[in-house]
Amino acid sequence: MENKRIGLLYILPWLIGLLIFTIYPFVTSLILSFTDYNIINAPKFIGIQNYVNMFHDSTFWTSFTATLEYVVITVPLKLTFSLFIAFILNYKLKGINFYRTAYYVPSILGGNIAIAVLWKFVFANTGLVNQFLGLFGIKPVGWFSTGLGAIFTISALRVWEFGSTMVIFLAGLKDIPQELYEAAAVDGAGKIKTFFKVTIPLLTPIIFFNLVMQLIQAFQEFNGPYMITQGGPLYKTYLLPMMIYDNSFKFFNMGYGSAISWFLFIIIMIFTMFVFSSSKYWVFYSDEGGGES
């Protein structure tokens with residue numbers, strides 16, 4: 001009994017933090033989504049009117065489409081690039097520890113304002129990217145003047161922050177037994193065939209984890225579009241988290257902002273459940289000797 005009390009005392013700070021910073025805002029936002037609340041006056045219950053307004057709001061649908069485009073572009077690019085770099089860093093090269101550290105640095109710097117400002121200059125009309133393209137006779141590209149170009153620039157910033165996913169892939173690569181590669185070599189398998197028949201199947205639990213985490217992060221993206229494109233052009237990079245922020249803290253329409261945030265929560269949950277339910281068809285756990293989890 002005494003041990004239970006001591007254990008409870010140890011986790012008490014965590015429980016208090018969970019109640020104050022997670023459960024309370026979570027429940028409060030659900031309640032506010034059914035109210036008309038401008039922060040100054042008391043909330044007024046209006047039923048599902050915020051949700052009705054949301055589905056009749058053309059800006060909301062534009063923002064939702066932009067969010068989906070961002071997720072579809074960013075998540076595969078980041079996973080592929082992270083795996084590619086992890087695969088290279090898995091080789092035993094001279095000074096490899098330095099390179100592993102250096103490649104992780106963008107993840108530390110990626111979300112701050114200075115990098116976002118730098119990113120704007122890199123993709124500006126006279127920026128480094130257009131200057132590089134000019135070497136091949138290609139005319140300057142207006143990266144921020146088209147929807148696709150603007151989405152690509154903020155996606156590129158997220159991909160550039162590949163360090164954390166790369167480290168997880170690298171740990172997974174190191175766990176693959178060398179005997180399997182030696183057996184594949186004895187059987188005459190080339191590097192490409194070995195990669196797809198040995199490396200990828202044994203990495204599927206890591207891919208699954210990174211896929212879920214990156215999906216959730218991509219749907220919650222705020223810093224990149226807010227600091228680089230401000231949602232432009234014509235709301236083409238106006239992602240749902242930006243719309244939630246504007247409605248809640250710029251227009252003081254907290255009820256409408258809460259309704260959008262709950263819609264986003266449900267969308268994230270649907271995508272996550274889909275990934276989990278599909279995992280039994282493509283995630284391989286070697287200790288269970290089959291393809292099902």
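This is a conversation about how to read a few features of one predicted model.

Biologist: What should I know about the model before I start?

Modeller: It's predicted, so local features need pLDDT of at least 70 and side-chain atom pairs count only at pLDDT 80 or more, while totals for chains, interfaces and linings use all residues. Residues are numbered from 1 along each chain as its sequence is written, and side-chain values use heavy atoms, with hydrogens and water left out.

Biologist: How many helices and strands does the protein have?

Modeller: Helices (H or I, at least four residues) and strands (E, at least two) are DSSP runs, numbered from the N terminus. Here you get 13 helices and two strands. The C-alpha atoms fill a box of roughly 75 × 75 × 35 Å along the principal axes.

Biologist: And what share of the residues counts as buried?

Modeller: Buried means under 20% relative accessible area, exposed over 50%, and partly exposed in between, with a 1.4 Å probe and protein chains only. Of the 293 residues, 38% are buried.

Biologist: Let's try one residue. Is Ala66 buried or exposed?

Modeller: Ala66 has a relative accessible area of 2%, so it's buried. You'll find Ala66 in helix 3. For its neighbours, a contact means heavy atoms within 4.5 Å. Leaving out residues up to four places away in sequence, Ala66 touches Ile151, Tyr235, Lys236, Thr237, Tyr238 and Leu239.

Biologist: Which helix pairs could I look at next?

Modeller: Try helix 3 (residues 58–89) and helix 7 (residues 147–160), whose axes come within 9 Å and cross at roughly 40°. Axes are lines fitted to C-alpha atoms, for helices over the stretch in contact, and angles run from 0 to 180 degrees between N-to-C directions. Under 35 degrees counts as roughly parallel, over 145 as roughly antiparallel, 65 to 115 as roughly perpendicular, and the rest as oblique. Helix 3 and helix 7 are therefore oblique to each other. Residues of helix 3 at this meeting include Ala66, Tyr70 and Phe81, and those of helix 7 include Ile151 and Arg158.

Biologist: What is the handedness of the crossing of helix 3 and helix 7?

Modeller: A crossing is left-handed if the near helix is turned anticlockwise from the far one by less than a right angle, and right-handed if clockwise. The crossing of helix 3 and helix 7 is right-handed. Helix 3 and helix 13 also make a right-handed crossing, at an angle of about 35° with axes 13 Å apart. There, Phe60, Phe64 and Leu68 of helix 3 meet Tyr256, Ile260, Phe263, Ile267 and Phe271 of helix 13.

Biologist: How many aromatic pairs does the structure hold?

Modeller: Rings of Phe, Tyr and Trp (its six-membered ring) pair if their centres lie within 6.5 Å; planes under 30 degrees apart are stacked, over 60 edge-to-face, and the rest tilted. The structure holds 30 such pairs. Take Trp119 and Phe123: they're tilted, 5.7 Å centre to centre with 45° between the planes, and both are buried. Phe55, Phe60, Trp61, Phe64 and Phe263 form one aromatic cluster.

Biologist: Which backbone oxygen lies 2.8 Å from a polar side-chain atom of Ser258?

Modeller: A polar contact pairs N or O atoms within 3.5 Å; within protein, one must be able to donate a hydrogen and the other to accept it, and residues adjacent in sequence count only if both atoms are side-chain atoms. For Ser258, the partner is the backbone oxygen of Met254. Ser258 sits in helix 13 (residues 254–282) and is buried, at 6%.
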